[in-house]
Amino acid sequence: MSSTCLFCRIVNGEIPAKKLYEDDDVFAFWDITPQAPKHFLVIPKKHLSGPGAVSVEDEALIGKVVRIGAELAKENGVEQCRLVMNNGAEAGQTVFHLHLHVLGGRPMSWPPG
Ligand code: 5GP
Ligand code: ZN
């Protein structure tokens, strides 16, 4: 899967991205089509197709994705932000490697469209 998955290829450096953060487990980069003044994605390096593929063994990893997302938001001046994970095409997921959207820098409305 990793050879064809867009986000695995970004993690591997095969496709360029504006990197924001990286450690052994997690990678964060600015979204190519930002939907807010600040919009970045936080992903596990491990390929998981989405929230529905998270197993018990991944719980700590996905908790780390959320923690890193919130910390990066604060560091980038958008402590108050929207954190979103789309799960499945009907929910708006287009890239099937789990990712946390972090959006901030403008007022957010609810419910989402
Ligand atoms: P989804 O719709 O799956 O929840 O979100 C996928 C996100 O990935 C979208 O916000 C889209 O703009 C972003 N995206 C898609 N392709 C690329 C890419 O090649 N580079 C970057 N940085 N973001 C991408
Ligand atoms: Zn992947």
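Helices and strands here are DSSP runs, numbered from the N terminus. With that in hand, some friendly notes on this predicted model.

1. A good place to begin is the peptide bond between W110 and P111, which is cis, with omega at about 5°. P111 itself belongs to the segment that follows β5. As background, most peptide bonds are trans. You may like to look at this one yourself while the structure is open.

2. Next, the ligand. Ligand 1 has 16 residues around it, and D31, N86, G92, T94 and H101 are the closest of them. Sorted by class, the shell around ligand 1 holds 8 nonpolar residues, 7 polar ones and 1 charged one.

3. Which elements each supply at least two residues of that shell? They are α1, covering residues 6-11, and β2, covering residues 26-30. Of the two names, α1 deserves a second look, as α1 gives the most to the shell, with 3 residues.

4. Now for the polar contacts of ligand 1, taken one by one. On the side-chain side, a polar atom of D31 is 2.5 Å from an oxygen atom of ligand 1. The backbone takes part too: a backbone N or O atom of T94 lies 2.6 Å from a ligand 1 oxygen. For I32, a polar backbone atom is 3.3 Å from a nitrogen atom of ligand 1. As for the cover, ligand 1 taken alone exposes 520 Å², and the protein buries 83% of that.

5. Where does ligand 1 sit in terms of pockets? The space that ligand 1 takes up is the largest pocket. This pocket contains about 800 Å³ of space. Its lining counts 32 residues, and those nearest the centre are D31, Q35, H39, L41 and H101. D31 and H101 are worth picking out here: both are among the residues closest to ligand 1, and both are among those nearest the centre of the pocket.

6. The lining can be read by element as well. At least two lining residues come from each of α1, β2, β3 (38-44), β4 (81-84) and β5 (100-104). Here again α1 gives the most, with 3 residues of the lining. β5 thus links two of these notes: β5 supplies lining residues, and the segment after β5 holds P111.

7. Finally, the make-up of the pocket. By class, the lining of the largest pocket divides into 17 nonpolar, 11 polar and 4 charged residues. For the shell around ligand 1, the matching figures are 8 nonpolar, 7 polar and 1 charged.

Notes: Residues numbered from 1 in each chain as written. Chains lettered and ligands numbered in written order. Predicted model: local features only at pLDDT ≥ 70, side-chain atom pairs only at ≥ 80, totals over all residues. Heavy atoms only, no water. Near = heavy atom within 4 Å. Polar contact = N/O pair within 3.5 Å; in protein donor to acceptor, adjacent residues only side chain to side chain. Areas by Shrake-Rupley, 256 points an atom, 1.4 Å probe, with all protein chains shown as cover. 1 Å grid on protein atoms, 1.4 Å probe; cavity = no way out; pocket = protein on both sides within 12 Å on 5 of 7 lines; lining within 4 Å. Sits in = over half its atoms within 2 Å of the grid points. Helix = DSSP H or I, 4+ residues; strand = E, 2+ residues; numbered from the N terminus. Nonpolar A, V, L, I, M, F, W, Y, C, P; charged D, E, K, R; others polar. Points joined across faces, edges and corners; volume = space filled by probe spheres on them.
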